[in-house]
Amino acid sequence: VFDMVDTHFIRFEREHEISGGASALSEARRYRKLETKLAQASDLVWCASIEDKRVMETVTDTPIEVVPTIHELRHGGKPFDEREHLLFIGNLAHRPNEDAVLFFIREIYPLVLKTLPNVRLDIIGDYASAAVSAYNSEKVRILGYVPDVEPYLRERRVFIAPLRFGAGIKGKVGEAMAHGIPVVTTK
């Protein structure tokens with residue numbers, strides 16, 4: 001069984017569409033060959049999403065099943081009207097996460113602050129780049145690694161996932177939803 005989790009070539013193709021970067025295109029081509037070869041050599045392929053399955057069906061005749069991530073429901077935390085601020089969680093060494101944070105801070109957050117001038121963004125995740133760290137302030141807290149994210153998920157008003165490229169199912173979205181925190185994300 002080839003358990004794909006994320007279909008990497010899809011992620012790199014989507015990154016290339018946004019960035020135009022030659023390295024993303026090169027990685028997309030490399031992973032397309034590798035993942036196709038692995039799928040064809042397997043008896044069964046597991047994809048995390050229907051979209052990944054559709055794409056994989058174009059490169060292999062191997063049977064494919066969708067096996068999505070599952071998140072156990074958690075205590076909902078504070079009532080919505082007692083919550084405050086925004087939350088993002090993700091390893092910032094992962095390019096889709098770094099891009100999402102920078103995109104949000106540069107393009108979306110200024111618009112949010114016009115209406116909600118006191119809202120703060122908390123970013124949890126290792127390996128913040130200099131570009132991300134430069135935004136660390138009263139309004140944007142770069143918290144780095146946090147051993148227990150539960151208190152943040154119980155107390156923040158909205159979870160953001162402004163991912164512009166990726167594949168599979170976003171675990172961060174499922175985890176936030178399992179905690180009953182509203183999620184604002186891209187398509």
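**A buried charge network and its surroundings**

Arg120 has a relative accessibility of 17% and therefore counts as buried, a class that takes in residues under 20% relative accessible area, whereas exposed means over 50% and partly exposed lies in between (1.4 Å probe, protein chains only). The model is a predicted one, in which local features need pLDDT of at least 70 and side-chain atom pairs count only at pLDDT 80 or more, while totals for chains, interfaces and linings use all residues. Residues are numbered from 1 along each chain as its sequence is written, and side-chain values use heavy atoms, with hydrogens and water left out.

The partner of Arg120 is Asp122; the two form a salt bridge whose closest N and O atoms are 2.9 Å apart. The term salt bridge denotes a side-chain nitrogen of Lys or Arg within 4 Å of a carboxyl oxygen of Asp or Glu. In general, side chains of opposite charge can pair when their charged atoms come close. Asp122 is itself buried, its relative accessible area being 0%.

Asp122 also forms a salt bridge with Arg141, and here the closest N and O atoms are 2.7 Å apart. Because Asp122 belongs to strand E5 (residues 121-124) and Arg141 to strand E6 (residues 140-144), this pair ties together parts that are 19 residues apart in sequence. Helices (H or I, at least four residues) and strands (E, at least two) are DSSP runs, numbered from the N terminus. Arg141, with a relative accessible area of 27%, is partly exposed. A further salt bridge connects Asp122 with Arg156, at 2.8 Å between the closest N and O atoms. That pair links distant parts of the chain, 34 residues apart: Asp122 is in strand E5, and Arg156 is in the loop between helix H6 (150-155) and strand E7 (158-161). Both Asp122 and Arg156 are buried. Through shared partners, salt bridges join Arg120, Asp122, Arg141, Glu155 and Arg156 into one network. By the same distance rule, the count of salt bridges comes to twelve.

The wider frame can now be described. The protein chain contains seven helices and eight strands, and its C-alpha trace spans about 55 × 40 × 30 Å along the principal axes. Of the 187 residues in the protein chain, buried residues make up 41%. One residue of helix H1 is Phe12, which is buried at a relative accessible area of 6%. Phe12 and Gly144 are 132 residues apart in sequence, and their C-alpha atoms are 25 Å apart in space. Pro182, by contrast, has its C-alpha atom 5.2 Å from that of Val158, 24 residues apart along the chain. Pro182 is placed in the loop between helix H7 (171-178) and strand E8 (183-185), and its 34% relative accessibility makes Pro182 partly exposed.

Helix H1 leads on to the largest pocket, which has a volume of about 430 Å³. Pockets are found on a 1 Å grid over the protein atoms alone: a cavity is a set of points where a 1.4 Å probe fits but cannot get out, a pocket is an open set with protein on both sides within 12 Å along at least five of seven lines, and lining residues have an atom within 4 Å of a point. Grid points are joined across faces, edges and corners, and the volume is the space filled by probe spheres set on the points. The largest pocket is lined by 18 residues, of which Arg14, Leu163, Gly166, Thr186 and Lys187 are the closest to its centre. Helix H1 (8-19) and helix H3 (50-56) are the elements that give two or more residues to this lining, and H1 provides the largest share, three residues. By type, the lining divides into six nonpolar, five polar and seven charged residues; Ala, Val, Leu, Ile, Met, Phe, Trp, Tyr, Cys and Pro count as nonpolar, Asp, Glu, Lys and Arg as charged, and the others, Gly among them, as polar.

Two loop residues stand out in their backbone geometry. Most residues other than glycine have a negative phi. Val5, although not a glycine, has a positive phi of about 60 degrees, and its loop runs between strand E1 (2-3) and H1. His85, likewise not a glycine, has a positive phi of about 75 degrees. The loop between E3 and E4 holds His85, which is buried with a relative accessible area of 13%. Val67 lies in the loop between strand E3 (64-66) and strand E4 (86-89) as well, and at 39% relative accessibility Val67 counts as partly exposed.
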